[in-house]
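Colleague: Could you take me through this model, part by part, and give your reasoning as you go?

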Amino acid sequence: MTDTDVLIIGAGLAGVTAAREISSAGHDVLVLEARDRLGGRCYTDQRFGVNLELGGNWLHWVQPHVWAEVARYGLRADRGPKSEETFWLANDEVRTGTLDGFMDLIDSGMQRLVGASAAIMPRPDTVETGEDWREADTITLQEALDSLDLDDSERQANEAAWVGHCNGPLDQVGFGAAIRWTAATGGLWQLMHSASAVYRLPEGNDQLVKAIAGDIDGDIQLNTQVTSVRHDSTGATVATAHGGEIRAKKVISTIPINILHELDIQPAISPIKQEISQEGAASQGLKLWIRVKGPIKPFFAYSSQSHPLSVVRTEFVRDDDAVLVAFGADSTRLDVDDVEAVGEALKTWRDDLEVLEVAAHKWMEDPLAKSTWLIQRPGQYTRGQAELQHPEGSLHFASSDIANIWAGFFDGAIESALRTARTVKEELES
Ligand SMILES: Cc1cc2nc3c(=O)[nH]c(=O)nc-3n(C[C@H](O)[C@H](O)[C@H](O)COP(=O)(O)OP(=O)(O)OC[C@H]3O[C@@H](n4cnc5c(N)ncnc54)[C@H](O)[C@@H]3O)c2cc1C
């Protein structure tokens, strides 16, 4: 007996997008989500009087899949306040200047590091790569930066900018991650920077998830964790933590790559999928919101990968207070609930900030994620990208973590879901 045509594991952006696409073609879909909410790593909370994005934050019109959804649902995008002061470290001493001054400082290093990205990866929209790419994918971002032989202040500034992007220690990050991001913006590092960290949906990113979910003609069951998948070429049986079993012609797993190996799947997923899932991504950091006493001027601050907070900036500025967003390369290095420890971490740059409140989701400890945004280790793409996208029997995969262009972004979740949904529809209709 078949209970549904397609069962989708997870109601993050990939899950709801796949469900919308497949149900709109007239097939039955059922989405099972372990959490009590939609969105997964897209997680808007109402805190500090604003829509606080505990997960993914920014999006941009150079991200074609997510921007199409912004247009489709008429969502409004804006940007945070422009920095009026920028702090960074040179030889571990605090320097103050403008954001443009900081960008000028890193420009030469950035050009030398990723200026050739579009030539190295001319088609970031496909899994096909050439020799130059495969070579770049063998080394770490730290090795690539070290090979530039920058002077100390340029080196520290460039490292700080990259650690903000990568959310992990640069000696674990593949140089390929920097190439992929910049190839997605045609080799223009400033555009890559703006695409990944400026524009936002002030009404909350959950509006995007809710809009897509609202167009699903099928059921979404929250609080329903999938515990096992038994699949063959004719279909699959999915068991849930409630003890139920559901039979589907096709299953799409959208669970994050870092926890894929923990799900009981038989026949087992391929050795390469297992291996990459077990290794985990290089990103392993933290994201933290900090409400400080105002008034203060909007600012941007960069330190280094060895500091508990590598990047901090104002996202909301009001008369009496301001809300800062901060990132660190190692989630274990700072207790994000500890107001005093956070205040201490901010003293890297300035001792005039009074921390009032903090808010964060501990993504690396969250059993349904154990990850932030995907940044691959050296070689993971070359070894596994095509294989991670490859279905096994009637079990298919969709996730931002396995996307082509903007893997690790909202855009990637939608791209991956569109591709997998099309394959599944074709198989159902053949
Ligand atoms: C702190 C942080 C900052 C980020 N910043 C940005 C940003 O600024 N811009 C950007 O574009 N992206 C950003 N991202 C990345 C972006 O949020 C993700 O890439 C994207 O939301 C992933 O979507 P997904 O559907 O592929 O995966 P997920 O959102 O992880 O969805 C997977 C779903 O599967 C569910 N699940 C897991 N296991 C099971 C199970 N066994 N049974 C049932 N359900 C299960 C999970 O609960 C989850 O809801 C950020 C992410 C984080 C964490």
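Modeller: Domain bounds here come from an automatic or database domain assignment, and what we are looking at is a predicted model. With that understood, the assignment gives domain 1 (4-42 + 205-279 + 374-429) and domain 2 (81-197 + 285-370).

Colleague: What distance separates the centres of domain 1 and domain 2, and how many residues of domain 2 are in contact with domain 1?

Modeller: Taken over C-alpha atoms, the centres of domain 1 and domain 2 are separated by 30 Å. Across the boundary between them, 27 residues of domain 1 are in contact with residues of domain 2, whose number is 31.

Colleague: Which residues have the most contacts inside the largest nonpolar core?

Modeller: The largest nonpolar core has 57 residues, and at least three of its residues are drawn from each of domain 1 (4-42 + 205-279 + 374-429) and domain 2 (81-197 + 285-370). A second, separate core has 31 residues, including A18, I22, L59 and A398. Within the largest core, the residues with the most contacts are L113, L141, W162, W289 and Y302.

Colleague: Which residues does L141 contact, leaving aside its neighbours within four places in sequence?

Modeller: L141 is one of the residues with the most contacts inside the largest core. Two others in that group, L113 and W162, also appear among the contacts of L141 itself. With neighbours within four places left aside, the full set for L141 is L113, W162, C166, L170, V173, G174, F175 and A178.

Colleague: Turning to the ligand, what percentage of its area does the protein bury?

Modeller: The ligand is surrounded by 36 residues, of which the closest are E33, R41, W58, S400 and F410. Backbone N or O atoms come up to oxygen atoms of the ligand at A14, with a distance of 2.9 Å, at G39, with 3.5 Å, and at R41, with 2.8 Å. Taken alone the ligand exposes 1000 Å², and the share of this that the protein buries is 98%.

Colleague: Which elements give two or more residues to the shell around the ligand?

Modeller: F410 is among the closest residues to the ligand, and the bounds of one contributing helix, 410-429, begin at that position. The elements that give two or more residues to the shell are α1 (13-24) and α15 (410-429).

Colleague: Where does the peptide bond from G294 to P295 sit, and what is its omega?

Modeller: Most peptide bonds are trans. The bond joining Q266 and P267 is cis, with omega about -10°, and P267 is found in the loop between β13 (264-266) and α12 (271-279). P295 has its place in the loop between β14 (286-293) and β15 (299-302), and the bond from G294 to P295 is also cis, with omega near -5°.

Colleague: D149 has a positive phi; is this residue buried or exposed?

Modeller: Most residues other than glycine have a negative phi. For D149, however, phi is near 55°, and the residue lies in the loop between α6 (141-146) and α7 (152-166). Because its relative accessibility is 68%, and the cut-off for this class is over 50%, D149 counts as exposed.

Colleague: And N167, which has a positive phi too: buried or exposed?

Modeller: N167 has a phi of about 55° although it is not a glycine, and it is found in the loop between α7 and α8 (175-183). Since its relative accessibility is 0%, and the relevant cut-off is under 20%, N167 counts as buried.

Colleague: How many residues of helix α9 are buried, and against which elements do they pack?

Modeller: Helix α9 (residues 189-197) is mostly covered, with 7 of its 9 residues buried, namely W189, M192, H193, S194, A195, S196 and A197. The elements against which these buried residues pack are α3 (99-114), α7, α8, β8 (199-200), β15 and β16 (311-317).

Colleague: What covers the buried residues of α10?

Modeller: In helix α10 (residues 206-214), the buried residues are D206, L208, V209, A211, I212 and A213. Their cover includes α1, β3 (44-47), α2 (64-72) and β9 (219-221).

Note on methods:
Residues are numbered from 1 along each chain as its sequence is written. This is a predicted model: local features need pLDDT of at least 70, side-chain atom pairs count only at pLDDT 80 or more; totals for chains, interfaces and linings use all residues. Side-chain values use heavy atoms; hydrogens and water are left out. A nonpolar core is a set of buried Ala, Val, Leu, Ile, Met, Phe, Trp, Tyr and Cys residues joined through side-chain atoms within 4.5 Å. Buried means under 20% relative accessible area, exposed over 50%, partly exposed in between (1.4 Å probe, protein chains only). Contact means heavy atoms within 4.5 Å. A residue is near a molecule or strand if one of its heavy atoms lies within 4 Å of it. A polar contact is a pair of N or O atoms within 3.5 Å; within protein, one must be able to donate a hydrogen and the other to accept it, and residues adjacent in sequence count only if both atoms are side-chain atoms. Accessible areas come from the Shrake-Rupley method with a 1.4 Å probe; for residues, only the protein chains shown count as cover. Helices (H or I, at least four residues) and strands (E, at least two) are DSSP runs, numbered from the N terminus.
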